[in-house]
Amino acid sequence: MHRATRSSAALTALALALSLGCAPGDDERAEDAEADHDEEGAYDGLHPIGKADGVNAPLYAWPVVRSGDESRVVVAVQHLLGEHGYTLSLTGQFDDATKQAVVSFQSSKGLQADGIVGSRTWEALVVTVRPGDTDRAAVRALEDLLSQRYGYLLEVDGTLDAEAEQHLRAFQQERCLTVDGIAGSQTWHALVADTSHCSQAGRLLELHDQGLITLSTSDFGRNDGADPLANVTDAAAGRASKRSCNFPGGGRDSRLPCGTVELDEALIDAMVALREEHGFTYFVTAISGARHSTNSYHYKGRAVDIGVVDGVVVNGSTTATRKLVDACKAMGAIEALGPHNDAHHQDHVHCAF
Ligand SMILES: [Zn+2]
């Protein structure tokens, strides 16, 4: 696992973003069907990314589980709460007793105590499980997911014996995870979110995991599941990615498209190549989320916005931003806009494929 390596240059740069303050508010602009005008780049007036995506940001986007839900994932939540000392019936129904235990657990961890299991709560709930662990509720959670959700034939007995370890390794191999027989955050996330790292979208998750790129966990504060990390997580699970629905802080914004879109393979390939072939470290502020022109390629799953390049917050033209635009063009981008070639892109680089 790479959890300890998250203090990347990009995150350091985000602290700088806070000190630089926010970009000006939205200009009134004519809609232009020919080119995208991103109305949000690195920041918006309300939610600088440094605040939403600082060092306390979750590593992964996890499914939200709440009252009324009924699934194997709820069973896992109930087992994991047991690991932390809460005794619950393992019904798979997110009932009042489960919610009360979640609220209590969140309070004990200094998390927002809303009784909803989101990414921060998941990352506090999961614990590393190793071969030889005996009579542990967390092992039962793991075994239940492997057997009841993914069809591996093993007994849910709370002990990670040689046979259970073999199945865990098989799951890790099948999903292109680190095959070590140890369930850390990467394996737990794949079990809970049903992601695979075998695809190019999964490769993006790996790069994010390693701190070589950073996918923002905030859709500018909208809480609508359309942030870049959620977009790529959905793609890595074979699902369409969400487009923005809400105002920052919540509530449906009718100017936004909502719904979902499948991320274009050319876009995902280019994002991987920006790291692996062109060597950039970068911070992604938007893919299919955020607010853009109505006809924006973002809403077609074909564009990415980058707000930090090689550890430096984009704020006017630099060698790095020009190189990034050139790299996009070299990979066949249909739009490659940055501070030096577009007045509307002073605080980020926009590439569409
Ligand atoms: Zn854009």
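Helix axes are taken here as lines fitted to C-alpha atoms over the stretch in contact, and the angles between them run from 0 to 180 degrees between N-to-C directions. On this basis, in the predicted model, the axes of helix α9 (residues 200–209) and helix α11 (residues 265–276) come within 9 Å and cross at roughly 35°. The crossing of α9 past α11 is left-handed. On the α9 side the contact is formed by Q200, A201, R203, L204 and L207, and on the α11 side by I268, D269, M271, V272 and R275. Sorted by class, the residues in this contact are six nonpolar, one polar and three charged.

Helix α9 also packs against helix α10 (residues 228–236), at an angle of about 135° and with the two axes 8 Å apart. Angles over 145 degrees would count as roughly antiparallel and those from 65 to 115 as roughly perpendicular; α9 and α10 are therefore oblique to each other. As with α11, α9 passes α10 in a left-handed crossing. The residues of α9 that take part are A201, G202, L204, L205 and H208, which meet L229, V232, T233, A235 and A236 of α10. This contact has seven nonpolar and three polar residues, and no charged residues. A201 and L204 of α9 appear in the contact with α10 and again in the contact with α11.

A further helix pair lies elsewhere in the chain. Helix α3 (residues 72–83) and α6 pack at an angle of about 165°, and their axes are 7 Å apart. That angle makes α3 roughly antiparallel to α6, the cut-off for this class being over 145 degrees. In this case the crossing is right-handed. From α3, the residues R72, V75, A76, H79, L80, G82 and E83 meet A137, A138, R140, A141, D144, L145, Q148 and R149 of α6. The contact between α3 and α6 comprises seven nonpolar, three polar and five charged residues.

The loop that leads into α6 was examined at two positions. T128 is located in this loop, between α5 (119–125) and α6 (137–149). With 14 other C-beta atoms within 10 Å, T128 is partly exposed, since a residue needs 20 or more such neighbours to be buried and 12 or fewer to be exposed. Beyond its neighbours within four places in sequence, T128 is in contact with I182, A183 and G184. The C-alpha atom of T128 is separated by 8.4 Å from that of A138, ten residues apart from it along the chain. A138 is also one of the α6 residues that meet α3. The second position, D135, lies in the loop between α5 and α6 as well. D135 has 9 other C-beta atoms within 10 Å and is therefore exposed. The phi angle of D135 is near 50°, a positive value in a residue other than glycine. Most residues other than glycine have a negative phi.

A positive phi also occurs at A290, where the value is near 75°. A290 is placed in the loop between β4 and β5. Unlike the exposed D135, A290 counts as buried, because 27 C-beta neighbours lie inside 10 Å.

The strands on either side of the A290 loop pair with each other. Strand β4 (residues 282–286) and strand β5 (residues 303–309) run antiparallel and are joined by four bridges. Within this pairing, F283 has V308 of β5 as its bridge partner. Strand β4 also pairs with strand β1 (residues 213–215), to which it is joined by three bridges, and these two strands run parallel. Here I213 is bridged to Y282 of β4. β4 is mostly covered, with five of its five residues buried.

Over the whole protein chain, there are twelve helices and eight strands. Of its 353 residues, 47% count as buried. Among contacts between residues at least 6 apart in sequence, 59% join residues at least 24 apart.

Notes:
Residues are numbered from 1 along each chain as its sequence is written. This is a predicted model: local features need pLDDT of at least 70, side-chain atom pairs count only at pLDDT 80 or more; totals for chains, interfaces and linings use all residues. Two residues are in contact if their C-beta atoms, placed from the backbone, lie within 7 Å. Angles under 35 degrees count as roughly parallel, over 145 as roughly antiparallel, 65 to 115 as roughly perpendicular and the rest as oblique. A crossing is left-handed if the near helix is turned anticlockwise from the far one by less than a right angle, and right-handed if clockwise. Ala, Val, Leu, Ile, Met, Phe, Trp, Tyr, Cys and Pro count as nonpolar, Asp, Glu, Lys and Arg as charged, and the others, Gly among them, as polar. Two strands pair if DSSP finds at least two bridges between them.
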